[in-house]
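Here are some notes for a colleague who will be looking at the coordinates while reading. The points are numbered so that each can be checked on its own.

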Amino acid sequence: EIGSGCQWSWYYKENGEWKLLDQRLKADGTLVILTSQEDIKDRAILTTNDLGQIVYNELPWGEYQLTELTAKDGYVITQSVHTFTISKEALEKTYTDQDVITNQKTKISFDKISNVGSQTLSGAQFELTPVNGSEFAIEKDKITWTSDKDHSFTLDGYLITGHTYQLKETVSPSEYSLPKDYIVIFKVNNDGTVTIQSVHIDNQEVTNIHDYVLVSSDHKTIQVKDDPLSITFDKKDIHGNAIESTRGEAVFKLVEESKTIAENLTMTNGSLTIDNANGSLKLEKGKTYQLIETTAPKGYELTTITFSFNDYGLPVVNEIVQNDCHVEIRDQMVDINLTKTGMNTLESIENDTIGYASFMIEPVSGSTFADGSTTKIENITTTNVNTVLKGQLVAGNQYLLKEVLAPKGYETSDVVFE
């Protein structure tokens, strides 16, 4: 392709020093050396014609240099300085193929990579637009594509040196999160490399650019990072306080559409993180999961949490979108309601006239109380039961509730419950 419209500056070697020349010669063919900055600004640029040439006749003998200032749109500016000599021995300079100055097309590639392990990813969708008055080398306002883990997306001759572009990820792979309004601003340098100018998340510029985007060692491939889907559960009591470590850690299983996909997920210091980072799980946006507690801290109720991930990878718990990937689980202590009724009524039969029932409770079938003991607890009544037994019963364990004293006229009764 003919390189018309390329701009150059040229120099002449005078007394061992290179001097910037005017684009025009004097009427007698002699050179005009520029000295003032105003002259240089207005008169020092040569432009190739429709044949991609700069033509001068009857140049004085001597050494000359050409330096490219701008290339044709979509091409890299030649970085080398081109020197030629006109001497008495060569009255006519004939250019050979080796003397032809060739511009390479700009060639910028794009990859989607994981922030963990740096493997390339498929399924991310991007759009590229010029900004700050920049343009593409073709007549387009926007270029879009979807990432492929096996192949970089490459723009060959589409971007212009000196121009600035906005790269926006609009959809992340199904197993990865997507920061809101994830934008990378970069510039194509004169040598065809790229420089990342800024990264923006949710209309805010970030300072830790390398946490979001990398540039290859040859500075011609932009690698945009995404974090694997992740959710962290923090176990608290009903008041938002940490549960005593002596009560033990909670254990869960993870279920997707009635299928158990992970078991024995044990909290550490009251916290559990589930993510795709180690490859053992495959959480995906658009699917619904249940985190089912199989072992609660002793004295606390078992809990089930239903969650999913929205388009940005934020957890949605009980249909409420979370602000970040942390979810707080507030647990109730195990409690029971105790009422003494007659055979033919659900109403309480206790009163000041016939008296009140008294009970004892003890673990059975290898069960224990929350503190690990098996010693029976006595003097339980229907009014103090939740005070006496608060935090004492363990979910999944069995207990014998034995009536020691019944109201007057009624028999005592026993019951085993879990």
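1. A core position in a strand. In this predicted model, Val213 sits in strand S14, which covers residues 213-215. Its relative accessibility is 2%, and Val213 is therefore classed as buried, since that class holds residues under 20%.

2. What surrounds that position. When neighbours within four places in sequence are set aside, Val213 is in contact with Val184, Ile196, Val199, Ile222, Gln223, Val224 and Lys225. One of these partners, Ile196, is 17 residues away from Val213 along the chain, and the C-alpha atoms of the two are 8.4 Å apart.

3. The second largest pocket. For this pocket the computed volume is about 340 Å³. It is lined by 19 residues, of which Ser177, Leu178, Pro179, Asp227 and Tyr312 are the closest to its centre. Sorted by class, the lining comprises nine nonpolar residues, together with five polar and five charged ones.

4. Cysteines. How many disulfides does the model contain? The count comes to zero, with a pair of cysteine sulfur atoms required to lie within 2.5 Å of each other. As for individual cysteines, Cys6 has a relative accessible area of 2% and so falls in the buried class, whereas Cys325, at 26% relative accessibility, counts as partly exposed because its value lies between the limits of 20% and 50%.

5. A backbone point at Asn15. Although Asn15 is not a glycine, its phi is positive, at about 55°. The residue belongs to the loop that runs between strand S1 (7-14) and strand S2 (17-20). Is Asn15 buried or exposed? With a relative accessible area of 79%, Asn15 is exposed, because the value is over 50%.

6. A backbone point at Ser365. Here too the residue is not a glycine, and Ser365 has a positive phi of about 55°. Where does Ser365 lie? Its place is in the loop between strand S25 (358-364) and strand S26 (377-380). The relative accessibility of Ser365 is 65%, so this residue also counts as exposed.

7. Points to check on the display. A reader may wish to begin with Val213 in strand S14 and its contacts, including Val184 and Lys225, and then turn to the pocket residues closest to the centre, among them Asp227 and Tyr312. The loop residues Asn15, with its phi of about 55°, and Ser365, with a phi of about 55°, can be inspected last.

Methods:
Residues numbered from 1 in each chain as written. Predicted model: local features only at pLDDT ≥ 70, side-chain atom pairs only at ≥ 80, totals over all residues. Heavy atoms only, no water. 1 Å grid on protein atoms, 1.4 Å probe; cavity = no way out; pocket = protein on both sides within 12 Å on 5 of 7 lines; lining within 4 Å. Points joined across faces, edges and corners; volume = space filled by probe spheres on them. Nonpolar A, V, L, I, M, F, W, Y, C, P; charged D, E, K, R; others polar. Helix = DSSP H or I, 4+ residues; strand = E, 2+ residues; numbered from the N terminus. Buried < 20%, exposed > 50% of the residue type's maximum accessible area, 1.4 Å probe, protein only. Contact = heavy atoms within 4.5 Å.
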